[in-house]
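The following exercises ask the reader to examine a protein model step by step. Each task is followed by a worked solution.

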Amino acid sequence: MVVSPVQRLILVASFALIITGGYVLIERFLVQQQEAAKQQTTTVASPEETRKEPVIFAVTPPTVHADGVVPEGMLEGWRWLIDLRMNDWWRLRVIPHDRVEMLALEHKTDAALAEALGATHLLKSTAWVSGEEGRFDLQIFDAAAGRNIWSMSFTDPLLIGSETQTSVMIDIDYELDNFLAEAGLAERFVKTDSKLALEAWYMARHYDYFEDPDTEQLRWYNEAIMLDPEYAQAYADLARYW
């Protein structure tokens, strides 16, 4: 087939247009990619910007109103229990008591004490003791908000018998666990809706302090699972025996 000069010119021109069009499309695609990259760079926060501020608690010395005898070690025992839960259950940072007590003598307001300690929250308590009866009023102070964000009253579990103590501590744990989770301060630990299952789990953990705990612990862990077949913590603790 003989191609005339005019046809050759048309073919060359068409080929040039195809190349030019392809170049334009490629260039436009690259520009769009660059714009998208710029937009992503400006909208995605850096790890430093997105990192959540640490939650740091200070458990302040209880204020005591007593017209009776306060049992020896009662207040320190209560603070020890709260510290244990905050550290082991909710994985919160807790400022040592001696530092809190020292600075509490110098800083009388909640805001001033939290700032001096570098704490984001204060867990405050007031103990009311009358004869053999007692009550704890608990409050959580939020340093950023400058106010109390949670408060509850409980019969003092360390002034009364062990059975009632367990029941009251379950109430405290439930209330604190729910609040800390809903406020975004910690992940939920008490993952059962059955207080009876939680009480059985408490009884099993109670035997951690005995010399030969295995038999009783197995019985109580199985009891917790029977009461709540979806109680993952009880299964996890029971698995230590297998």
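**Exercise 1. Describe the polar contacts and surroundings of aspartate 137.**

Step 1. The side chains of aspartate 137 and arginine 135 are joined by a polar contact of 2.9 Å. A polar contact is a pair of N or O atoms within 3.5 Å; within protein, one must be able to donate a hydrogen and the other to accept it, and residues adjacent in sequence count only if both atoms are side-chain atoms.

Before the next step, the basis of the values should be stated. This is a predicted model, in which local features need pLDDT of at least 70 and side-chain atom pairs count only at pLDDT 80 or more, while totals for chains, interfaces and linings use all residues. Residues are numbered from 1 along each chain as its sequence is written, and side-chain values use heavy atoms, with hydrogens and water left out.

Step 2. The side chain of aspartate 137 also has a polar contact of 2.7 Å with that of tryptophan 128, and one of 2.6 Å with that of serine 153.

Step 3. Aspartate 137 is placed in strand β5. Helices (H or I, at least four residues) and strands (E, at least two) are DSSP runs, numbered from the N terminus.

Step 4. Aspartate 137 counts as buried because its relative accessible area is 17%. Buried means under 20% relative accessible area, exposed over 50%, and partly exposed in between (1.4 Å probe, protein chains only).

Step 5. Apart from neighbours within four places in sequence, aspartate 137 is in contact (heavy atoms within 4.5 Å) with Lys124, Ser125, Thr126, Trp128, Met152 and Ser153.

**Exercise 2. Locate serine 153 and classify its accessibility.**

Step 1. Serine 153 belongs to strand β6, which covers residues 147–155.

Step 2. The relative accessibility of serine 153 is 45%, so the residue counts as partly exposed.

Step 3. When residues up to four places away in sequence are not counted, serine 153 touches Arg135, Phe136 and Asp137.

Step 4. Serine 153 and threonine 126 are separated by 27 residues in sequence, and their C-alpha atoms are 9.3 Å apart in space.

**Exercise 3. State which elements supply the lining of the second largest pocket, and describe aspartate 110.**

Step 1. The second largest pocket has a volume of about 220 Å³. Among the 14 residues that line this pocket, Thr60, Pro61, Thr63, Asp110 and Lys124 are the closest to its centre. On a 1 Å grid over the protein atoms alone, a pocket is an open set of points where a 1.4 Å probe fits, with protein on both sides within 12 Å along at least five of seven lines; lining residues have an atom within 4 Å of a point. Grid points are joined across faces, edges and corners, and a volume is the space filled by probe spheres set on the points.

Step 2. At least two lining residues come from each of α5 (110–117), β4 (121–130) and β5 (133–142). The largest share, 3 residues, is supplied by β4.

Step 3. Aspartate 110 is part of helix α5. This residue counts as partly exposed because its relative accessibility is 25%.

Step 4. Beyond neighbours within four places in sequence, aspartate 110 is in contact with Leu122, Lys124, Phe141 and Asn148. Aspartate 110 and histidine 121 lie 11 residues apart in sequence and 9.4 Å apart in space, C-alpha to C-alpha.

**Exercise 4. Is arginine 85 buried or exposed, and what does it touch?**

Step 1. Arginine 85 lies in helix α3, residues 74–89.

Step 2. With a relative accessibility of 6%, arginine 85 is therefore buried.

Step 3. Residues up to four places away in sequence aside, arginine 85 touches Trp90, Met169, Asp173 and Tyr202. The side chains of arginine 85 and tyrosine 202 make a polar contact at 3.0 Å.

Step 4. Tyr202 is one of the buried residues of α7, which also include Ala197, Leu198, Ala200, Trp201 and Ala204.

**Exercise 5. Classify arginine 91 by accessibility and by phi.**

Step 1. Arginine 91 is situated in the loop between α3 and β3 (93–94).

Step 2. The relative accessible area of arginine 91 is 68%, so this residue is exposed.

Step 3. The phi of arginine 91 is near 55°, a positive value in a residue other than glycine. Most residues other than glycine have a negative phi.
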